[in-house]
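Hello,

Here is the structure for your files. My notes on the ligand site and the cysteines follow below.

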Amino acid sequence: MRKIYLDNQSTTQLDPEIMDYMIPYFLKKFGNSSSKTHSYGWEAEAAVDLSRKHISDLINSKPNEIIFTSGATESNNIALSSILKSKKTNFITCLTEHRAILDICKSYENKGIKTKYLNISNNGNLDLDNLENNLSENVYMISLMHANNEIGTIYPIEEIGAICKKHNILFHVDAAQSLGKIPIDVKKMNVDFMSFSSHKIYGPKGVGALFVNNKHKNKIYPITFGGGQENGLRPGTLPVPLIIGFGEACKKANSVMLSESKKIKKMRDTLLSNIKKEIPNLIINGTMENRLHGNLNLSFPSLKGQSIVTSIPSVALSSGSACSSSISKPSHVLKAIGLNNNLCNSSIRVGIGRFNTEEDINLASDAIIKAIKNKN
Ligand SMILES: *Cc1c(COP(=O)(O)O)cnc(C)c1O
């Protein structure tokens with residue numbers, strides 16, 4: 001059976017070109033980047049510095065504003081814990097954030113630190129007037145994602161950054177889904193902290209970064225303690241091969257972003273029109289206007305709440321009922337945009353990526369259409 005991977009919002013395949021850059025750092029150049037007394041250490045440190053530069057080039061920061069972490073979850077934890085612990089809240093985020101944000105807020109709510117959750121409209125957009133109306137009290141930080149991992153909607157980060165600047169509010173952005181897919185400029189967007197993950201952009205799993213604007217360095221505190229690496233903000237021996245892979249993934253994304261997103265968008269539009277031709281009453285979750293090129297999230301009213309994802313074993317898709325890991329609950333994102341349980345359960349999320357082909361798309365459309373017709 002030919003398998004087709006269409007779950008690129010969950011994770012992406014490691015790009016073989018990036019693997020080639022990593023291999024020497026597993027085998028011959030295995031030094032500890034903190035070793036100051038020999039060439040193994042110097043070589044590793046130089047390579048880590050180059051990766052830091054590749055990442056900063058992609059987001060228009062300075063290399064010394066990048067802290068390596070194990071992924072976006074940890075980056076979110078460092079940024080949010082620092083601020084929530086300081087008790088200078090109020091803190092604002094949104095109902096449709098990733099669990100990696102919502103669960104941190106929940107853990108501080110148990111300690112009496114309140115978070116305000118913004119609503120989202122039925123097409124997944126954030127109402128900026130509503131945001132400004134919520135700023136009357138003493139708000140210290142806002143945390144919002146750049147692009148949603150389920151419905152692909154892109155938030156107007158530059159406008160929100162301008163609002164934060166006007167009201168002197170710190171701004172954290174979870175950019176795990178947008179890095180390397182759409183342009184990011186932390187200066188223009190007035191972002192103070194930003195979280196990234198390597199495995200969403202064809203790099204290795206287990207590495208990510210937190211951008212910390214140099215102006216706000218003194219507001220960030222570590223959540224683990226040890227050998228002083230990353231200015232003491234994220235101690236522990238750096239995973240040099242993973243960092244090299246992440247850096248090269250950013251460098252490649254920087255050069256292919258435009259052409260790749262056109263190609264991916266074309267495949268996404270083909271898939272949608274193929275399915276729509278056969279199942280005209282499908283519902284598209286989230287606006288098609290400001291949306292990640294590779295993302296589609298569809299509900300099928302005719303399925304009356306049945307899920308089709310497991311009836312298409314040849315196509316790797318995700319569903320709106322089990323999308324948050326192993327918990328089989330309707331997606332909090334789809335609920336937030338007003339879907340009932342039946343529409344959540346009948347939904348599929350498609351994530352098209354770098355290694356998909358037109359042939360994949362045609363085979364996947366046929367398989368999806370067949371599965372829906374069989375259930376009716
Ligand atoms: C994947 C993802 C995360 C988690 O990233 P890890 O690197 O796997 O920890 C956080 N936020 C968003 C929006 C994501 O898509």
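How many disulfides does the structure hold? Zero. Please keep in mind that this is a predicted model.

The case of Cys94 shows why a bond is missing there: the closest cysteine sulfur, in Cys105, is 11 Å from the sulfur of Cys94, too far for a bond. A disulfide would need the two sulfur atoms within 2.5 Å. Cys94 is also buried, because its relative accessibility is 0%. Cys250 has a relative accessible area of 0% as well, so Cys250 is likewise buried.

Now the ligand. The residues around the ligand are, going along the chain, Gly71, Ala72 and Thr73, then His98, Met145 and Asn149, then Asp174, Ala176 and Gln177, and finally Ser197, His199 and Lys200. Sorted by class, this shell has seven polar residues, three nonpolar ones and two charged ones.

Three side chains in the shell deserve a separate entry, each with its distance to an oxygen atom of the ligand:

- Thr73: an N or O atom of the side chain is 2.6 Å from a ligand oxygen.
- Gln177: a polar side-chain atom lies 2.7 Å from a ligand oxygen.
- Ser197: an N or O atom of the side chain is 2.7 Å from a ligand oxygen.

As for cover, the ligand taken alone exposes 380 Å², and the protein buries 88% of that.

Regards

Notes:
Residues numbered from 1 in each chain as written. Predicted model: local features only at pLDDT ≥ 70, side-chain atom pairs only at ≥ 80, totals over all residues. Heavy atoms only, no water. Near = heavy atom within 4 Å. Polar contact = N/O pair within 3.5 Å; in protein donor to acceptor, adjacent residues only side chain to side chain. Areas by Shrake-Rupley, 256 points an atom, 1.4 Å probe, with all protein chains shown as cover. Nonpolar A, V, L, I, M, F, W, Y, C, P; charged D, E, K, R; others polar. Buried < 20%, exposed > 50% of the residue type's maximum accessible area, 1.4 Å probe, protein only.
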